[in-house]
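Me: I would like to work through this model step by step, moving from the overall fold to its finer local details. Please look at the structure first, and then let us take the questions in turn.

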Amino acid sequence: MKLYDLPASPNARRVRIFIAEKGLEIPTVAVDMAKGENKQPDYLAKNSLGKMPMLQLDDGTCITESHAICRYLEETHPEPPLMGRGPVERAQVEMWNRRMELEILLPLINVFAHTHEMWKGVHTQVGEWGEVCRETALARLAWLDGEIAGRNFIVNDSYSVADITAQCALVMGKAVGVRVPENLSNINAWFAGVSARPTARA
Ligand SMILES: N[C@@H](CCC(=O)N[C@@H](CS)C(=O)NCC(=O)O)C(=O)O
């Protein structure tokens, strides 16, 4: 089994942290996007979208989409559970993970994609949309701060994939200048906690 990785990617980081939390050691292959390695025929044959992360199993099966990779690892290595225990908690983790993806991570990725120099000439950038996404991300952070009041984690009282998605989103935010405002004390306390985990820099 090997993980096709993009070290700076928030989506790849989600999977790396998940793997580390499970205590697994999966070899990684760093794909050099700057050199276009992900657009070469051999990579496209494995993942026609040319994106990372991608997990290749020993029988050659390729799984893409960070959440699908995490799902596979959860099923094959259930302990410690990172996707909830029992039907209700599993649904809550799914719900919050999806919220973290759509409401926090996606706007921050859009800020990066539409305002950062790195993407100039690579794809069409709409700077104004990037700025709208910046405002959206800040509004969603204020929302999240209220939601997690009194909690140490995004869902109930244990660390889950929803925390991983949210923490990777905030790391991405820092890279594009969207920092959590100081007055959002619940998020700041939660982020300090998850960032102190030994797996945070996986
Ligand atoms: N929905 C996918 C997104 C994967 C994705 O967009 N990966 C980016 C890095 S964060 C990538 O590989 N981009 C390369 C490209 O678009 O050329 C997931 O969750 O894994």
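**Fold, domains and local geometry**

Reply: In this predicted model, the protein chain, read along the sequence, follows the pattern β-α-β-α-β-β-α-α-α-α-α.

Me: How many helices and strands does the protein chain have?
Reply: The order of elements along the sequence is β-α-β-α-β-β-α-α-α-α-α. Counted by type, the protein chain has 7 helices and 4 strands.

Me: What radius of gyration does the protein chain have, against that of a compact globule with 202 residues?
Reply: The C-alpha atoms fill a box of roughly 50 × 45 × 25 Å along the principal axes. A compact globule with 202 residues would have a radius of gyration near 17 Å, and the protein chain agrees with this, at 17 Å.

Me: Which element gives the largest share of the side of domain 1 that touches domain 2?
Reply: The protein chain is divided into domain 1 (2-76) and domain 2 (86-195), and 21 Å separate their centres, taken over C-alpha atoms. The contact takes 7 residues from domain 1 and 10 residues from domain 2. On the side of domain 1, the elements that give two or more residues are α1 (10-21) and α3 (66-76). The largest share there, 5 residues, comes from α1.

Me: Where in α4 does the kink lie?
Reply: Helix α4 (residues 86-115) has 30 residues and should span 44 Å at 1.5 Å a residue, and the distance of 42 Å between its end C-alpha atoms agrees with that. The helix nevertheless has a kink of about 35 degrees, placed shortly before the proline P107, at L105.

Me: Which residue does a cis peptide bond join to P53?
Reply: P53 has its place in the loop between α2 (41-46) and β3 (54-56), and P53 is also one of the residues around the ligand. The cis peptide bond, with omega of about 5 degrees, joins P53 to M52.

Me: What is omega for the cis peptide bond that joins E79 and P80?
Reply: P80 is found in the loop between α3 and α4. For the cis peptide bond between E79 and P80, omega is about -15 degrees.

Me: What phi does E65 have, although it is not a glycine?
Reply: E65 is among the residues around the ligand, and its place is in the loop between β4 (62-64) and α3. Although E65 is not a glycine, its phi is positive, at about 75 degrees.

Me: How many residues of each class are in the shell around the ligand?
Reply: The residues around the ligand include L6, N38, K51, M52, P53 and E65. By class, this shell has 5 nonpolar, 5 polar and 2 charged residues.

Note on methods. Residues are numbered from 1 along each chain as its sequence is written. This is a predicted model: local features need pLDDT of at least 70, side-chain atom pairs count only at pLDDT 80 or more; totals for chains, interfaces and linings use all residues. A residue is near a molecule or strand if its C-beta atom, placed from the backbone, lies within 6 Å of it. Ala, Val, Leu, Ile, Met, Phe, Trp, Tyr, Cys and Pro count as nonpolar, Asp, Glu, Lys and Arg as charged, and the others, Gly among them, as polar. The expected span of a helix is 1.5 Å times one less than its number of residues. The bend at a residue is the angle between axes fitted to the seven residues ending there and the seven starting there. Domain bounds come from an automatic or database domain assignment. Two residues are in contact if their C-beta atoms, placed from the backbone, lie within 7 Å. The radius of gyration is taken over C-alpha atoms; the globule rule is 2.2 Å times the number of residues to the power 0.38.
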